[in-house]
Amino acid sequence: MDISLMVVALLAAVLVILLLLVTRRVRLLRSGGIHVALRTRVDQSGKGWHWGVGRYQGDEFAWFRALSLRAGPDRVLHRDGLEIASRREPEHAEEPNLPHGSRVLRFEQAGVPAIEMAMGPDALTGFLSWMESAPPGKRLPWAS
């Protein structure tokens, strides 16, 4: 097999994968998604952030990793029992890995290791409104 044919086939495969990633991201954003960075390794290093798109699905917040071809969400946060443990400004080393103007929220939920999410001001306002707006009959732990 000719080496140039193999290179062309490899480049075509890479272009198809890139097209699928872009199409998935655009589809998620157009269906009400927001830019959110998430990390599950909560430590002082500032490393481990992953870009993604978050989307509200009733009482769940589904997070889809940006560089993934997975059809479903990579992480699902349930509104019931979800609690913001702390809020902070991003550290200087974290800023390039997060959406512009982000605030970092640390979440704790019963039975789940702590995670951090970072989102811009508009996305944060919407997220906090979603957390506070439980359907009738549901009582959230922070609501009195």
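Which residue in β2 does Leu 38 stand opposite? Select Leu 38 and look across to β2: the residue opposite is His 50. The tour starts from this pair, in a model that is predicted.

**The whole chain**

Begin with a cartoon view of everything. The protein has 2 helices and 7 strands, and from the N terminus their order is α-β-β-β-β-β-β-β-α. Of its 144 residues, 32% count as buried. The protein exposes about 8,900 Å², and carbon and sulfur atoms supply 60% of that area. Turn on contacts between residues at least 6 apart in sequence, and 45% of them join residues at least 24 apart.

**Strand β1**

Select residues 34-39, which make up strand β1. Of the 6 residues here, 5 are buried, so the strand is largely enclosed by the rest of the structure. Now add β2, which runs antiparallel to β1 and is joined to it by 5 bridges. The pair from the opening, Leu 38 and His 50, belongs to this view. Next add β7, also antiparallel to β1, with 3 bridges between the two strands. Here Arg 39 has Glu 116 in β7 as its bridge partner.

**Val 36 and the nonpolar cores**

Stay with β1 and select Val 36. Beyond its neighbours within four places in sequence, Val 36 is in contact with ten residues' worth of surroundings to click through, including His 50, Trp 51, Phe 61, Trp 63, Met 117 and Met 119. Val 36 is also one of the residues with the most contacts inside the largest nonpolar core, which has 18 residues. Others in that group are Phe 61, Leu 82, Phe 107, Met 117, Met 119 and Phe 127. The elements that give two or more residues to this core are β1, β3, β6, β7 and α2. Select α2, residues 121-132, to see the largest share of the core, 6 residues. A second, separate core has 5 residues, among them Ala 37, Leu 98, Val 104 and Ala 118. In soluble globular proteins, nonpolar side chains tend to be buried together.

**The salt bridges**

Now show charged side chains. How many salt bridges does the structure hold? There are 7.

Go to Arg 79 and Asp 59, whose closest N and O atoms are 2.3 Å apart in a salt bridge. This pair links distant parts of the chain: Arg 79 is in the loop between β4 and β5, Asp 59 in the loop between β2 and β3, and they are 20 residues apart. Is each partner buried or exposed? Arg 79 has a relative accessible area of 4%, so it is buried. Asp 59, at 23%, is partly exposed.

Move to Arg 88 and Glu 116, a salt bridge with closest N and O atoms 3.1 Å apart. Arg 88 is in strand β5 and Glu 116 in strand β7, 28 residues apart. Glu 116 counts as buried because its relative accessibility is 5%, under the 20% cut-off. Arg 88 has a relative accessible area of 21% and is partly exposed.

Widen the selection to Arg 39, Arg 88, Glu 94 and Glu 116, which are linked in a network of salt bridges. Glu 116 is thus a residue to revisit: it is the bridge partner of Arg 39 in β7.

Finish at Arg 103 and Glu 89, where the closest N and O atoms of the salt bridge are 2.5 Å apart. Arg 103 is in strand β6, and Glu 89 is in the loop between β5 and β6, 14 residues apart. At 26% relative accessibility, Arg 103 counts as partly exposed.

Terms used
Residues are numbered from 1 along each chain as its sequence is written. This is a predicted model: local features need pLDDT of at least 70, side-chain atom pairs count only at pLDDT 80 or more; totals for chains, interfaces and linings use all residues. Side-chain values use heavy atoms; hydrogens and water are left out. A salt bridge is a side-chain nitrogen of Lys or Arg within 4 Å of a carboxyl oxygen of Asp or Glu. Helices (H or I, at least four residues) and strands (E, at least two) are DSSP runs, numbered from the N terminus. Buried means under 20% relative accessible area, exposed over 50%, partly exposed in between (1.4 Å probe, protein chains only). Two strands pair if DSSP finds at least two bridges between them. Contact means heavy atoms within 4.5 Å. Accessible areas come from the Shrake-Rupley method with a 1.4 Å probe; for residues, only the protein chains shown count as cover. A nonpolar core is a set of buried Ala, Val, Leu, Ile, Met, Phe, Trp, Tyr and Cys residues joined through side-chain atoms within 4.5 Å.
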